[in-house]
Amino acid sequence: MLRTYSKDITVTANTAIPFNVDKFDIGNSIGHQSGSGNIVVRSPGFYEVNLDISFTTPEAVTEPVLIQLYANGVAIPDALINATVASNTTYVDSSFNTIIRANPGVPFQSVILTVVPNADINIYSAAIGVDQ
């Protein structure tokens, strides 16, 4: 079980959101280093992934902001936030929940999960949970 979060951070476009505080990091099948954007899944199986985020953009944008979950660099189609930010003073509260199948394949090979925005964002709060 993993629960990790960040508050009051800025993330640039196409960069994994770093999670700065590990609330729970229990067991050997999932791991995370505080401050990293990588969540490491070490064991095959099915995992539930939940993301809650409150964010805005540094300036007003006309295109939707996309926040996507990736597994080893491959987008997970149903783990996507697609939000329009009305102004850089308006926060968007959003979330996604999905179940992924981690199949590392080769023994001792891990699956790396990342959450990546397509635009620069200012995050008030972002929390992710991964449970087997």
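A residue is taken as buried under 20% relative accessible area, as exposed over 50%, and as partly exposed in between. In the predicted model described here, M1 has a relative accessible area of 41% and is therefore partly exposed. M1 is found in the segment before strand β1, which spans residues 2–11. Together with F24 and I26, M1 makes a nonpolar surface patch of about 280 Å².

The interior was examined next. In soluble globular proteins, nonpolar side chains tend to be buried together. In the present model, the largest nonpolar core comprises 35 residues, and the members that touch the most others are I17, I53, F55, I67 and L113. Two or more residues are given to this core by each of β1, β4 (39–41), β5 (45–56), β6 (65–71), β7 (74–83), β8 (92–102), β9 (111–117) and β10 (121–131). The surroundings of I67 illustrate the packing: with residues up to four places away in sequence not counted, I67 touches I17, L51, I53, F55, A79, L80, I81, F96, V115, V116, P117 and I121. Among these contacts of I67 are I17, I53 and F55, which are also listed with I67 among the members touching the most others in the core.

A further set of contacts surrounds Y47, a residue of strand β5. The relative accessibility of Y47 is 0%, so Y47 counts as buried. When neighbours within four places in sequence are left aside, Y47 is in contact with S29, I30, V41, T98, I99, I100, A102, V130, D131 and Q132. For one of these partners, Q132, the C-alpha atom is separated from that of Y47 by 4.4 Å, although the two residues are 85 residues apart along the chain.

D131, which is in contact with Y47, also takes part in a salt bridge with R3, the side chains meeting at 2.9 Å from N to O. The pair links distant parts of the chain, with D131 in strand β10 and R3 in strand β1, 128 residues apart. D131 has a relative accessible area of 17% and is therefore buried, whereas R3, at 28%, is partly exposed. The count of salt bridges in the model comes to one.

The structure likewise holds one aromatic pair. Its members, Y91 and Y124, adopt an edge-to-face arrangement, with 6.1 Å centre to centre and 70° between the planes. Y91 lies in the loop between β7 and β8 and Y124 in strand β10, so the pair ties together parts that are 33 residues apart in sequence. Y91 has a relative accessibility of 42% and counts as partly exposed; for Y124 the value is 42%, and Y124 also counts as partly exposed.

Backbone geometry was considered last. D8, although not a glycine, has a positive phi of about 50°. D8 is found in strand β1 and, with a relative accessible area of 58%, is exposed. A positive phi, near 50°, also occurs at N72, again a residue other than glycine. N72 lies in the loop between β6 and β7 and counts as partly exposed, at 46% relative accessibility.

Methods:
Residues numbered from 1 in each chain as written. Predicted model: local features only at pLDDT ≥ 70, side-chain atom pairs only at ≥ 80, totals over all residues. Heavy atoms only, no water. Patch = residues over 30% accessible without salt bridge, like charges linked within 9 Å, V, L, I, M, F, W, Y side chains within 5 Å. Areas by Shrake-Rupley, 256 points an atom, 1.4 Å probe, with all protein chains shown as cover. Salt bridge = Lys/Arg side-chain N within 4 Å of Asp/Glu carboxyl O. Helix = DSSP H or I, 4+ residues; strand = E, 2+ residues; numbered from the N terminus. Buried < 20%, exposed > 50% of the residue type's maximum accessible area, 1.4 Å probe, protein only. Core = buried A, V, L, I, M, F, W, Y, C linked by side-chain atoms within 4.5 Å. Contact = heavy atoms within 4.5 Å. Phe/Tyr/Trp six-rings, centres within 6.5 Å; stacked < 30°, edge-to-face > 60°.
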